Amino acid sequence: MNKTVVVGTAAVVIVAVAGGGTYAVLHTPKRQFESKLVKMTKSNDNVIDFHVSASGTGDDTGSASGTLKADAQDENNLAVHLKVNDKNTPEAMNIKMDKKHVYVSADILTSSVKEYGSTGLTKVTKSLDKYWLDASHSVSLEDTYSPIKTKKVRSDATSVTEWFKDLDSSKFKKVSNGYQVNLNKADMKSLMTKISKTKSGKELSKSEWKEAKSSLDPVKNFKLKLTVGDKGRSFAIDFSGKENNAKERLTFKMNTKRDNNVKVKMPAKSLIKTEAQLTSLLQDKMIAYYSDQIGSAIDDFDSSSSTATSDDILDA
């Protein structure tokens with residue numbers, strides 16, 4: 001009996017130790033980072049709030065924030081509201097997309113005009129805000145806002161997450177808002193190689209990927225931190241480095257959630273204008289605006305002239 005008890009106790013201890021060891025391995029920062037990252041790539045969340053900021057020199061200084069929504073009924077229907085601050089000049093843009101079309105709201109005209117500080121001009125463009133421009137046939141926009149193939153995106157994202165499995169565990173750590181990995185320049189180049197082999201990555205030529213990697217060479221003090229939220233609903237990038245004796249930094253934060261009530265409606269055909277039609281509308285409104293300005297100026301001149309004449313008569 002005593003031997004049985006001893007053996008039984010030993011077995012329990014062994015199982016407990018083994019179980020504890022397994023728990024410890026599964027809950028290391030590295031495994032948790034991988035787990036939360038996989039959760040994000042397989043998630044069906046359809047609302048993303050994001051914020052990007054860049055600091056450095058020249059055109060690199062600025063920030064952008066906004067919300068992206070994917071239709072709960074048709075995830076190929078997307079709506080993006082974007083706020084851009086380029087050198088402290090705010091601009092807003094609204095974009096809607098489906099499998100075949102890209103629409104840009106004309107309210108970008110109003111936000112662009114605001115930087116000139118012309119209240120009257122803003123009133124003119126404001127009346128065009130309700131119109132959408134079908135940008136599907138614009139070469140530049142077609143390249144920038146191509147239709148999203150969600151299955152392809154998820155497949156590529158899942159493939160990329162596998163790359164982190166080969167990283168040294170010491171590069172991962174638990175932080176207040178989740179789990180973080182610190183990458184150096186060599187890591188980043190390796191990650192870019194992995195991305196280049198995905199379906200999306202193959203859309204760029206090998207020479208373009210080579211050029212992208214070589215662009216990292218001049219960067220000194222290269223630091224890249226990737227953080228995944230402990231619930232797998234947030235992701236952050238924090239890059240810093242130095243190039244040409246100037247410090248550069250890029251940060252990106254993203255939070256995701258699910259909203260089953262989201263349904264993105266494409267703009268009505270009656271409110272879609274070609275670039276030429278939108279230009280014509282703006283020109284007509286501008287002509288009307290300046291005609292009013294000239295008319296008001298003439299009325300003011302006539303009024304002042306009439307007053308001056310009356311004063312002369314009274315003086316006489």
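This note goes through a predicted model point by point, from the whole chain to single residues.

1. Overall content. The chain has 316 residues, and 30% of them are buried. Its secondary structure consists of 9 helices and 12 strands. Of the contacts between residues at least 6 apart in sequence, 57% join residues at least 24 apart.

2. Salt bridges. The structure holds 6 salt bridges. Three of them are described in the next points, each with its place in the chain and the accessibility of its two residues.

3. Arginine 233 and aspartate 45. These two residues form a salt bridge in which the closest N and O atoms are 2.9 Å apart. The pair links distant parts of the chain, with the two positions 188 residues apart in sequence numbering. Arginine 233 sits in the loop between strand S9 (220–228) and strand S10 (234–243), while aspartate 45 sits in the loop between helix H2 (29–41) and strand S1 (47–55). Arginine 233 is partly exposed, because its relative accessibility is 39%. Aspartate 45, at 16% relative accessibility, counts as buried because the cut-off for buried is under 20%.

4. Glutamate 75 and arginine 154. A salt bridge joins these side chains, at 3.8 Å from N to O. Here too the pair links distant parts of the chain, and its members are 79 residues apart. Glutamate 75 belongs to the loop between strand S2 (62–70) and strand S3 (78–86), and arginine 154 to helix H6 (residues 150–161). Glutamate 75 has a relative accessibility of 34% and so counts as partly exposed. Arginine 154 is also partly exposed, with a relative accessible area of 31%.

5. Lysine 189 and aspartate 217. The N to O distance in this salt bridge is 2.5 Å. Lysine 189 is in helix H7 (residues 185–196), and aspartate 217 is in the loop between helix H8 (206–214) and S9. The pair links distant parts of the chain, 28 residues apart. With a relative accessible area of 25%, lysine 189 is partly exposed. Aspartate 217 is partly exposed as well, at 44% relative accessibility.

6. Packing of H2 and H6. How are these two helices oriented to each other? H2 and H6 pack at an angle of about 170 degrees, and their axes are 9 Å apart. The two helices are therefore roughly antiparallel, since angles over 145 degrees count as such. On the H2 side the contact is made by Leu37, Val38 and Thr41. On the H6 side it is made by Arg154, Ala157, Thr158 and Thr161. By class, the contact has 3 nonpolar, 3 polar and 1 charged residues. Arg154 of this contact is also a partner in the salt bridge with glutamate 75.

7. Aspartate 107. This residue is in helix H3 (residues 107–114). Which side chain of opposite charge is nearest to aspartate 107? That side chain is lysine 126, at 7.3 Å. Aspartate 107 is buried and has no salt bridge; a salt bridge would need a nitrogen and an oxygen within 4 Å, so a distance of 7.3 Å does not qualify. Leaving aside neighbours within four places in sequence, aspartate 107 is in contact with Ala92, Asn94 and Asp129.

8. Serine 105. Strand S5 (residues 102–105) contains serine 105. The residue is buried, at 3% relative accessibility. Apart from neighbours within four places in sequence, serine 105 is in contact with Asn94, Asp129, Tyr131 and Trp132. Asn94 and Asp129 are also among the contacts of aspartate 107.

9. Threonine 198. Is this residue, in the loop between H7 and H8, buried or exposed? Threonine 198 is buried, because its relative accessible area is 6%. Its C-alpha atom is 8.5 Å from that of serine 155, and the two residues are 43 apart in sequence. Beyond neighbours within four places in sequence, threonine 198 is in contact with Asp156, Ser159 and Val160.

10. Lysine 220. Strand S9 holds lysine 220, which is exposed, with a relative accessible area of 58%. The C-alpha atoms of lysine 220 and lysine 242 are separated by 5.0 Å, although the residues are 22 apart along the chain. Not counting residues up to four places away in sequence, lysine 220 touches Gly241 and Lys242.

Technical notes
Residues are numbered from 1 along each chain as its sequence is written. This is a predicted model: local features need pLDDT of at least 70, side-chain atom pairs count only at pLDDT 80 or more; totals for chains, interfaces and linings use all residues. Side-chain values use heavy atoms; hydrogens and water are left out. Helices (H or I, at least four residues) and strands (E, at least two) are DSSP runs, numbered from the N terminus. Buried means under 20% relative accessible area, exposed over 50%, partly exposed in between (1.4 Å probe, protein chains only). Lys and Arg count as positive and Asp and Glu as negative; His and the chain ends are not counted. Contact means heavy atoms within 4.5 Å. Axes are lines fitted to C-alpha atoms, for helices over the stretch in contact, and angles run from 0 to 180 degrees between N-to-C directions. Angles under 35 degrees count as roughly parallel, over 145 as roughly antiparallel, 65 to 115 as roughly perpendicular and the rest as oblique. Ala, Val, Leu, Ile, Met, Phe, Trp, Tyr, Cys and Pro count as nonpolar, Asp, Glu, Lys and Arg as charged, and the others, Gly among them, as polar.
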